[in-house]
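Please look through the sequence and the structure shown here, and then read on for a description of how the chain is arranged.

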Amino acid sequence: MTDDELDEYYDSLRGWFGEPWPSPEERAPVCEDDAYRRETPVGAECMYCEVPVAAGDRGMIVPHLGGERATTVMHVDCMLRAVVPGYEIPSKKSTK
Ligand SMILES: [Zn+2]
C-alpha cells in the first residue's frame, strides 16, 4: 500500500459513535463531522475501562496498529479522564 492508500484505510476505520458531545448543539471537534459517525460498536471492549460498549454509549473508534484487531474503541468519558487531569465522569459524579 502507498502512504495515501494507508491514510485512506485508517481514515475509513476511525470515527465516533453515540450522541455528539458535550451536546448536539455544541460539538467537540472530534465529533463535529457526521461523515465519521459510526454505528455504535456494541460489545466491543473499551481500551481504558475494559467494559464492553453498550447501546447508547458515546465514544471513539481509532485504528489499532499491530495486532489481530483493526480498531480500538473507547468511551468518550474514559478518553477524557485519561487526557484531562482531574476530569470526572459526569454520570458517576451525579450519582454520589
Ligand atoms: Zn471505558
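In this predicted model, the buried residues of helix α2 are Val76, Asp77 and Cys78, and among the elements that cover them are strands β2 and β3. Helix α2 itself, which comprises residues 76-83, packs on the sheet and touches both β2 and β3, while its direction makes about 85° with that of β3.

The sheet on which this helix rests is an open one, formed by three strands in the order β1-β2-β3 with antiparallel pairing. Its edge strands are β1 and β3, each of which pairs on one side only, and the twist from one strand to the next averages 25°. As a general matter, the strands of a sheet pair through backbone hydrogen bonds, in either a parallel or an antiparallel manner. Here β1 and β2 run antiparallel and are joined by three bridges; within this pairing, Phe17 has Gly59 of β2 as its bridge partner.

The residue ranges of the three strands are collected below.

| Strand | Residues |
|---|---|
| β1 | 15-17 |
| β2 | 59-63 |
| β3 | 71-75 |

Two details of the backbone belong to the loop between β1 and β2. One of them concerns Pro22, which has its place in that loop and is joined to Trp21 by a cis peptide bond, with omega at about -5°. The other concerns Glu50, which is likewise found in the loop between β1 and β2 and has a phi near 65°, a positive value in a residue other than glycine. Is Glu50 buried or exposed? Glu50 has 8 other C-beta atoms within 10 Å, and because a residue with 12 or fewer such atoms counts as exposed, Glu50 is exposed.

Turning to the chain as a whole, there are three helices and three strands, and from the N terminus on these elements run in the order α-β-β-β-α-α. The C-alpha trace spans about 50 × 30 × 25 Å along its principal axes. Of the 96 residues in the chain, 16% count as buried, and the buried residues of α2 described above are Val76, Asp77 and Cys78. Among the contacts in the chain with a separation of 6 or more, 39% are accounted for by residues that lie 24 or more positions apart.

Definitions and conventions. Residues are numbered from 1 along each chain as its sequence is written. This is a predicted model: local features need pLDDT of at least 70, side-chain atom pairs count only at pLDDT 80 or more; totals for chains, interfaces and linings use all residues. Two strands pair if DSSP finds at least two bridges between them. Helices (H or I, at least four residues) and strands (E, at least two) are DSSP runs, numbered from the N terminus. Axes are lines fitted to C-alpha atoms, for helices over the stretch in contact, and angles run from 0 to 180 degrees between N-to-C directions. Two residues are in contact if their C-beta atoms, placed from the backbone, lie within 7 Å. A residue is buried if 20 or more other C-beta atoms lie within 10 Å of its own, exposed if 12 or fewer, and partly exposed in between; C-beta atoms are placed from the backbone.
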